[in-house]
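Welcome! Below is a short guided walk through one protein model, taken region by region. Keep the picture open as you read.

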Amino acid sequence: MANESSPSGLGIRVNGLVKRYGDREVLRGVDLEIVAGHTVALIGPSGGGKTTLLRCLNGLESFDGGTVHVGEHALSAPVQGRSPSPVKAPMGDQASQVVAIRRSVGMIFQDFQLFPHLSVLENITAAAIWVLGENPTTARENGMVLLERVRLADFAHRRPGQLSGGQKQRVAIARALALRPRGLLCDEITSALDPETKHEVLAVLEDLKQEGLTVVMVTHEIGFARRAADRVVLLAEGAVTEEGTAEQVLDRPRTERASRFLARVMG
Ligand SMILES: Nc1ncnc2c1ncn2[C@@H]1O[C@H](COP(=O)(O)OP(=O)(O)OP(=O)(O)O)[C@@H](O)[C@H]1O
Ligand SMILES: [Mg+2]
């Protein structure tokens, strides 16, 4: 099942990341180090900044302070004042850093964002053909391998509208993998799914971990965090409140804020 040609995971480093919306500081100096190949569960209360952090990691969002390193690529806040452009570089061409990061890190969302008018296989091959310039035959062959990996080979010629939520989400994962990323950023990708289909999607992610991809997963699935996460990060009110192994963070939180949150999510 493992793809021999899969590139290995990349490391991610965040230093002093500050993000404001108007006067509101939603990330308040986030520091975070993610080891290449690790699966990290990012948990925390609603509004704590999880989605904003993921968006800053792949240049979808500008930020106001600090730096983000993704593999060998770096993003920084503008040196002075606000920048109207997505992210401004202190060094070299920041736009090209954003492009490079988006090529090396895939992002998957809660609502799948598949093209409804394309088949499952076409959804997967489109990115490889247009972004990587793969020839259509190779892209289709690779697409079928990916569909097998997410256990959907029999669904290649269906449209997304004919799939369950869990199947759609697995197509979205296969589509992200078609660009041969070294990391995946997943934002609550199982939140809209029922328990059974949730399990199918989580099983695919656990496979990816075995293949060495770096995965950052915003999740409320505490069971997944225990089983599959190398590290658990708790982000609350724009700051990393806890970081450690699942056991450290979930069973022996050091802060009152973390205990309160965990008591709620673990019932
Ligand atoms: N585009 C925006 N404009 C203004 N405020 C925003 C914007 N996006 C997010 N925010 C605010 O930033 C804060 C962090 O939001 P974010 O979506 O990152 O939280 P989250 O941890 O992902 O929450 P949830 O668990 O509910 O998804 C929230 O207070 C939110 O209202
Ligand atoms: Mg969110």
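A good place to begin is the hairpin of strand 1 and strand 2, which has 2 residues between the strands; there, Gly 22 takes a positive phi near 60 degrees. Please keep in mind that this is a predicted model. The two strands of this hairpin, strand 1 (residues 12-21) and strand 2 (residues 24-34), pair in the antiparallel sense over 8 bridges. To find one of the pairings by eye, look for Val 18, whose bridge partner in strand 2 is Arg 28.

**The open sheet**

Next comes an open sheet of 6 strands, which follow one another in the order 6-7-8-3-9-10 with mixed pairing. At its edges are strand 6 (105-108) and strand 10 (239-244), each of which pairs on one side only. From one strand to the next, the twist averages 15 degrees.

Mixed pairing can be seen by following strand 9 to each of its partners. Strand 3 (residues 39-43) and strand 9 (residues 231-236) run parallel and are joined by 4 bridges. Strand 9 and strand 10, by contrast, pair in the antiparallel sense, over 5 bridges. Val 232 is a handy landmark here: in strand 9 it stands opposite Ala 41, and its bridge partner in strand 10 is Gly 244. The hairpin of strand 9 and strand 10 also has 2 residues between the strands, and in this hairpin Glu 237 takes a positive phi near 50 degrees.

**The nonpolar core**

Which residues have the most contacts inside the largest nonpolar core? They are Ala 41, Leu 42, Ala 174, Leu 184, Met 217 and Val 232, in a core of 71 residues. Helix 5 (residues 165-178) supplies the largest share of this core, with 7 residues. Ala 174 touches Ile 124, Leu 146, Leu 147, Arg 149 and Val 150, setting aside residues up to four places away in sequence.

Over in strand 7 you will find Cys 186. This residue counts as buried because it has 27 other C-beta atoms within 10 Å, where 20 or more are needed. Beyond its neighbours within four places in sequence, Cys 186 is in contact with Ile 108, Val 215, Met 217 and Val 218. Leu 250, on the other hand, is 64 residues from Cys 186 in sequence and 20 Å from it in space, C-alpha to C-alpha.

**Around ligand 1**

Now turn to ligand 1. The residues around it are Tyr 21, Val 26, Gly 44, Ser 46, Gly 47, Gly 48, Gly 49, Lys 50, Thr 51 and Thr 52. Sorted by class, this shell has 2 nonpolar, 7 polar and 1 charged residues. Which element gives the most to the shell? That is helix 1 (residues 50-57), with 3 residues.

Helix 1 is mostly covered, with 7 of its 8 residues buried. The buried ones are Lys 50, Thr 51, Thr 52, Leu 53, Leu 54, Cys 56 and Leu 57. Why does Lys 50 count as buried? It does so because it has 22 C-beta neighbours inside 10 Å, and the cut-off is 20 or more. Apart from its neighbours within four places in sequence, Lys 50 is in contact with Leu 42, Gly 44, Val 218 and Leu 235. The C-alpha atoms of Lys 50 and Ala 77 are separated by 19 Å, and the two residues are 27 apart along the chain. Just after helix 1, Gly 59 takes a positive phi of about 75 degrees.

**Two loop residues with positive phi**

Most residues other than glycine have a negative phi. Gln 113 is not a glycine, yet has a positive value, and Arg 180, also a residue other than glycine, has one too. The table places each of them.

| Residue | Phi | Loop | C-beta neighbours |
|---|---|---|---|
| Gln 113 | about 55 degrees | between strand 6 and helix 3 (120-131) | 13 within 10 Å |
| Arg 180 | near 50 degrees | between helix 5 and strand 7 (183-187) | 17 inside 10 Å |

With those neighbour counts, Gln 113 is partly exposed, and Arg 180 counts as partly exposed as well.

Note on methods:
Residues are numbered from 1 along each chain as its sequence is written. Chains are lettered from A and ligands numbered from 1 in the order in which they are written. This is a predicted model: local features need pLDDT of at least 70, side-chain atom pairs count only at pLDDT 80 or more; totals for chains, interfaces and linings use all residues. Two strands pair if DSSP finds at least two bridges between them. Axes are lines fitted to C-alpha atoms, for helices over the stretch in contact, and angles run from 0 to 180 degrees between N-to-C directions. A residue is near a molecule or strand if its C-beta atom, placed from the backbone, lies within 6 Å of it. Ala, Val, Leu, Ile, Met, Phe, Trp, Tyr, Cys and Pro count as nonpolar, Asp, Glu, Lys and Arg as charged, and the others, Gly among them, as polar. A nonpolar core is a set of buried Ala, Val, Leu, Ile, Met, Phe, Trp, Tyr and Cys residues joined through C-beta atoms within 7 Å. A residue is buried if 20 or more other C-beta atoms lie within 10 Å of its own, exposed if 12 or fewer, and partly exposed in between; C-beta atoms are placed from the backbone. Two residues are in contact if their C-beta atoms, placed from the backbone, lie within 7 Å.
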